[in-house]
Amino acid sequence: MRRGGAWLPREAEVAERVEESPGIVTLRLRLTDPEARRQYGFQPGQFNMLGVFGVGEVAISISSDPGDPERIGHTIRRVGRVTNPLVALDEGDRLGLRGPFGRGWPLDRSEGRDVLVVTGGLGCAPVVSVIEYIMARRSRFGRLTILQGVKHGADLIWRPRYEAWARDPDTEVGLAADVPGENWPGHVGLVTELFDRVRLRPGRTAVMMCGPEPMMRAGARELVARGFPADDLWLSLERNHHCGNGRCGHCQLGPYFVCHDGPVFAYSQVGSLLAIPGL
Amino acid sequence: MADRFLPRDRFPALVEALRDAGYRCLGPRVREGAIVMEEVERAADLCFGLRDRQAPGSYRLEEGTGRHFAWANGPTALKPLTFVPRETLWRARREGGGLRFEAPEPEVGPLAVIGARACDLAGLALQDRHFLEGEPDPFYKARRERLFLVAVNCTHPADTCFCASTGDGPRAEHSFDLVLSELDEGFLVAAGGPAGADILAALPTEEAGEERNRRADAEIEAAAQAQKRSLPSRNLRDFLFGRQEHPRWEEVAERCLSCGNCTNVCPTCFCHSQETVPDLEGEVSDQVRQWDSCFTSGHSYIHGIVVRATTANRYRQWLTHKLGGWHDQFGRSGCVGCGRCITWCPTGIDLTEEVAALGEEPGGA
Ligand SMILES: Cc1cc2nc3c(=O)[nH]c(=O)nc-3n(C[C@H](O)[C@H](O)[C@H](O)COP(=O)(O)OP(=O)(O)OC[C@H]3O[C@@H](n4cnc5c(N)ncnc54)[C@H](O)[C@@H]3O)c2cc1C
Ligand code: SF4
Ligand code: SF4
Ligand code: FES
């Protein structure tokens with residue numbers, strides 16, 4: 001996407017609405033204009049600005065497979081002013097969509113390599129598209145390790161999907177919860193503690209991380225200490241976005257516009273910036 | 001093209017020629033004690049005989065010159081003319097169960113600005129890069145293309161000016177249609193392009209003569225020499241990025257009110273926010289963009305967190321972006337040396353002084 005592009009929304013329709021858990025909803029959107037629908041394409045890790053009429057716009061990652069760009073999936077957690085009415089939309093309702101924006105995950109560069117996915121909380125939404133992408137093209141990638149951390153065991157969405165992924169012979173799934181709750185199948189503690197329990201191959205693995213910044217910082221430091229090159233660690237960052245296209249200045253981090261140069265960055269690009277509080 | 005000479009008594013012909021050519025004219029006038037760009041219908045509307053006295057946190061006008069442009073700059077650069085403080089980007093309409101999105105056409109007609117300074121043109125050239133590179137911003141582009149710029153070479157810098165050290169002044173070198181050098185007896189005039197040449201041809205000018213050109217050059221050179229402040233001319237990116245944890249940020253934060261005056265008056269600051277403004281019937285909703293500032297808490301808000309929570313964080317963002325991050329983003333510093341942020345800071349914070357202080361070792365002499 002060129003800077004300044006996609007500044008005018010296009011009309012989208014909620015084609016399907018799935019309640020994933022209390023407060024988390026997946027909306028599959030369809031652009032109503034056939035021409036716009038034909039032209040639309042995206043990479044896993046990119047995001048759209050979704051606009052609720054009369055309320056506002058928010059940045060939401062695309063969580064569906066790029067092979068089916070006509071049904072654009074977004075998994076949204078209800079947290080405030082715009083996401084409240086957004087998750088309340090019904091099938092058939094219309095909204096505004098601008099995008100896709102930013103740089104996604106380095107999937108082409110990761111072919112033939114192992115992939116380690118580390119997520120925290122709803123960080124799983126932007127990387128679920130990566131996992132689905134790899135699962136649909138399984139032979140092109142090496143071992144896939146999925147580590148997902150949540151605060152409360154009850155926060156975990158898509159448990160059946162994790163179970164299905166774990167059945168793939170070249171895929172390992174690790175779950176961690178700070179507070180396990182009933183029937184928690186995974187580890188109790190931090191997601192980074194799972195690094196000790198899985199087989200990691202530094203130098204042969206692309207690492208994709210998404211979640212709260214302290215979790216990603218800790219995870220990246222830990223992996224660097226275990227011999228992972230900083231160029232192999234990829235982080236999806238969150239900043240305030242108004243324009244999405246590199247013009248409004250809200251998402252700046254040091255020299256970067258997160259919406260345009262990211263949201264996915266190599267740790268070698270942003271590690272030193274993230275280490276400074278309040279930047 | 002060689003400079004021509006317009007005697008002082010024929011100066012009114014400039015505004016007349018511009019108006020005859022269909023331009024609405026803006027020029028320097030006094031409003032609430034400061035010189036700002038406002039509508040002029042004739043040369044007599046332009047302020048005359050004034051000098052400005054600028055210092056950190058202070059701006060005053062005095063009488064007593066025989067010239068039109070013997071002052072440095074006022075609070076408004078050209079920025080509000082191209083990147084307007086508030087405007088509607090698009091409008092959403094409910095229509096038969098669906099939504100229609102449409103963009104208003106900006107209302108623009110030919111507009112001439114008399115009295116743009118070198119720093120203003122440098123700021124405009126940077127804003128051009130920000131808003132026009134990639135997919136051009138249609139609103140900025142329409143407003144930019146209709147501008148006719150009459151530059152004036154600076155001969156009376158303020159104490160707050162330092163354009164000589166940033167390489168952006170005091171001589172206007174680019175982005176103008178006409179450029180004036182004011183002498184006591186009149187003006188040297190040169191064109192910077194075909195539109196300017198057309199107006200120049202319509203003016204009752206004379207041969208300028210070498211002596212007048214020499215005098216005008218000497219005045220501009222003296223204006224460069226007279227500047228009291230400076231920024232190091234080297235790229236400060238690594239210097240600033242390497243001092244993100246310097247105690248000076250906390251110190252300046254004790255004086256900074258986080259008011260955003262500096263970003264408002266700065267000719268290069270581009271930050272803006274978008275706001276959704278529905279009508280009362282709920283049928284139409286406007287998406288409005290307005291100037292924003294990295295000094296507000298909303299600028300770095302993400303759900304539940306203000307990333308830059310303190311004034312120290314925000315001043316650091318402002319200075320390191322302006323003088324550091326701009327090099328990565330635009331290949332040069334974002335400061336053109338106009339000194340506005342120094343003059344219009346209510347507590348007189350001076351970025352040249354802050355840069356110097358950051359160069360000192362923490363705890364050193
Ligand atoms: C690149 C990117 C991808 C994202 N992907 C997802 C996703 O897949 N699913 C999901 O649930 N959430 C995602 N988010 C977070 C989502 O954008 C925020 O939860 C949302 O903006 C909150 O808006 P609100 O109005 O409901 O909350 P409020 O707290 O009421 O926010 C008010 C306003 O602040 C701004 N704002 C608040 N939080 C954020 C934020 N985190 N990031 C940017 N601007 C913010 C917005 O302009 C918003 O309208 C993503 C954010 C980014 C930057
Ligand atoms: S930072 Fe200050 S001196 Fe530099 S261009 Fe902006 S207002 Fe002018
Ligand atoms: S981040 Fe601050 S200094 Fe940079 S353009 Fe925006 S308001 Fe100006
Ligand atoms: S969201 Fe506007 S510049 Fe990145």
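## A walk from chain A to ligand 1

Start by selecting chain A: of its 279 residues, 60% count as buried. Keep in mind that you're looking at a predicted model. Switch to cartoon and you'll find eight helices and 15 strands in chain A. Its C-alpha atoms fill a box of roughly 50 × 45 × 35 Å along the principal axes. The radius of gyration is 18 Å, which agrees with the value near 19 Å for a compact globule of 279 residues. Turn on contacts next: among those in chain A with a separation of 6 or more, 69% join residues 24 or more positions apart. Flip to a surface view, and chain A shows about 10700 Å² of accessible area, with 47% of that belonging to carbon and sulfur atoms.

Now select ligand 1, which lies between chains A and B. Show what is around the ligand: 23 residues surround it, and the closest are A:Ala59, A:Thr83, A:Glu238, B:Tyr301 and B:His303. Color that shell by class and you get 11 nonpolar, seven polar and five charged residues.

Zoom in on the backbone next. A polar backbone atom of A:Val82 sits 2.8 Å from an oxygen atom of ligand 1. At A:Gly80, a backbone N or O atom is 3.2 Å from a ligand oxygen. Then pick A:Arg239, where a backbone N or O atom lies 3.3 Å from a nitrogen atom of ligand 1. On its own, ligand 1 has 830 Å² of accessible area, and the protein covers 89% of it.

Last stop: which elements give two or more residues to the shell around ligand 1? Select strands S4 (56–61) and S5 (72–77) in chain A, plus strand S15 (301–302) in chain B. S4(A) gives the largest share, five residues.

Terms used:
Residues are numbered from 1 along each chain as its sequence is written. Chains are lettered from A and ligands numbered from 1 in the order in which they are written. This is a predicted model: local features need pLDDT of at least 70, side-chain atom pairs count only at pLDDT 80 or more; totals for chains, interfaces and linings use all residues. Side-chain values use heavy atoms; hydrogens and water are left out. A residue is near a molecule or strand if one of its heavy atoms lies within 4 Å of it. A polar contact is a pair of N or O atoms within 3.5 Å; within protein, one must be able to donate a hydrogen and the other to accept it, and residues adjacent in sequence count only if both atoms are side-chain atoms. Accessible areas come from the Shrake-Rupley method with a 1.4 Å probe; for residues, only the protein chains shown count as cover. Helices (H or I, at least four residues) and strands (E, at least two) are DSSP runs, numbered from the N terminus. Ala, Val, Leu, Ile, Met, Phe, Trp, Tyr, Cys and Pro count as nonpolar, Asp, Glu, Lys and Arg as charged, and the others, Gly among them, as polar. The radius of gyration is taken over C-alpha atoms; the globule rule is 2.2 Å times the number of residues to the power 0.38. Buried means under 20% relative accessible area, exposed over 50%, partly exposed in between (1.4 Å probe, protein chains only). Contact means heavy atoms within 4.5 Å.
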